[in-house]
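Subject: Structure handover

Hello,

The structure I promised is below. My notes on it follow, so please read them with the coordinates open.

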Amino acid sequence: MAHTAMSGYGTTAGDDPLQTAVWRLRSRACWADAAALLTPDTAGSSLQRAALLVERCLYTEQGWEEAEDALRTAEAVAHTDEERGAAACERGQLAYASTLHTVRDRADEARAALGRAAALLPPGSAGRALLDFRRGLLAENLTRSPQAARAAYRRAHAGATAHSDPLLLSFTWRHLAGLALREGELAEARHGFAESLRIREELGYLVGTAPALASLADTETEPEATRLREEARRLHRLLGGVPTWLARQLAVTAPDAGAA
């Protein structure tokens, strides 16, 4: 969710070999291994390393201390407003993940950090699109304000489009589709979930493919819905039960759980 797929980050032909290796590990839920490839000797590498470990917390509900240590290092070596803003954005994401997974309520810290990021990141920057997306997450899942979340996701979607960031687009499609589904807009939701799945499959973002399959299944009729959920379960098992929160969703919709 941070350092998303852009040219130079391992997702396109001709990218730096190190970034290609980092992306392949990250996309297969090997965040610690990906972070180990990065030497935190510059602001950029420190921030990318912290972002990987923060993302691991969100997907696995583990590694909180390592993420905190990496983030403190990134904050210490950040010198420009953009670097400080990006570090604040990661700080907000870690606090959000801690609150979402009920590790510790850090909602106020998340809001303050993202507000600090907004003051530091210049309008139109690539980091601004990611910030808008994360502000949408807070609005949707902590503040329970779907209208504010939709506005933030749309800003993030426009920014991801402008900066050719397909991975972030897969997230904005997914979350806009989720809001549409809750409002009964089935066709809009199906389109958004399908776009998110298409992008993730094209990028080889394996750790995000199972959630995309499960979400699309919620908009389909049988037998397609069951086929999609079974494929999601297969990938989820392949990745050792990551993301952890998907197990609950798949259990609810499993045939032996009594779901329709």
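Helix α9 is largely enclosed by the rest of the structure, because 13 of its 17 residues are buried (buried means under 20% relative accessible area, exposed over 50% and partly exposed in between, with a 1.4 Å probe and protein chains only). Helices here are DSSP runs of H or I with at least four residues, strands are runs of E with at least two, and both are numbered from the N terminus. This is a predicted model, in which local features need pLDDT of at least 70 and side-chain atom pairs count only at pLDDT 80 or more, while totals for chains, interfaces and linings use all residues. Residues are numbered from 1 along each chain as its sequence is written, and side-chain values use heavy atoms, with hydrogens and water left out.

α9 covers residues 166-182 and reaches 24 Å from its first C-alpha to its last. That is close to the 24 Å expected at 1.5 Å a residue, where the expected span is 1.5 Å times one less than the number of residues. Gly 184, just after α9, has a positive phi of about 80°.

Helix packing

Three helix pairs involve α5 (residues 81-100), and I take them in turn. Axes are lines fitted to C-alpha atoms, for helices over the stretch in contact, and angles run from 0 to 180 degrees between N-to-C directions. Angles under 35 degrees count as roughly parallel, over 145 as roughly antiparallel, 65 to 115 as roughly perpendicular and the rest as oblique. A crossing is left-handed if the near helix is turned anticlockwise from the far one by less than a right angle, and right-handed if clockwise.

- α3 (residues 43-60) packs on α5 at an angle of about 15°, and their axes are 9 Å apart. The two are therefore roughly parallel, and the crossing is left-handed.
- α5 and α7 have axes 11 Å apart and an angle of about 25°. This pair is therefore also roughly parallel, with a left-handed crossing.
- α5 and α6 cross at roughly 160°, and their axes come within 7 Å. That makes α5 roughly antiparallel to α6; here too α5 passes in a left-handed crossing.

Cores and buried residues

In which core do Tyr 59 and Val 207 touch the most other members? They do so in the largest nonpolar core, which has 53 residues. Apart from this core lies another, of 16 residues, including Phe 193, Leu 213, Ala 217 and Leu 235. A nonpolar core is a set of buried Ala, Val, Leu, Ile, Met, Phe, Trp, Tyr and Cys residues joined through side-chain atoms within 4.5 Å.

Arg 26 sits in helix α1 (residues 17-27) and counts as buried, at 4% relative accessibility. Its side chain makes a polar contact of 2.8 Å with the side chain of Glu 55. A polar contact is a pair of N or O atoms within 3.5 Å; within protein, one must be able to donate a hydrogen and the other to accept it, and residues adjacent in sequence count only if both atoms are side-chain atoms.

Helix α7 (residues 126-141) holds Gly 136, which is buried with a relative accessible area of 0%. Gly 136 and Gln 62 are 74 residues apart in sequence and 23 Å apart in space, C-alpha to C-alpha. Leu 130 lies in α7 as well and is buried at 10% relative accessibility. From Leu 130 to Gly 85 the separation is 45 residues in sequence and 11 Å in space, C-alpha to C-alpha.

Loops and backbone

Two cis peptide bonds are worth a look. One joins Glu 222 and Pro 223, with omega of about 5°; Pro 223 is in the loop between α11 (206-217) and α12 (224-238). The other joins Val 242 and Pro 243, with omega of about 0°, and Pro 243 lies in the loop between α12 and α13 (246-253).

Thr 102 and Arg 144 are residues other than glycine with positive phi, near 55° for Thr 102 and near 60° for Arg 144. Thr 102 is in the loop between α5 and α6 (107-120) and is exposed, at 70% relative accessibility. Arg 144 is in the loop between α7 and α8 (146-162) and is exposed, at 63%.

Regards
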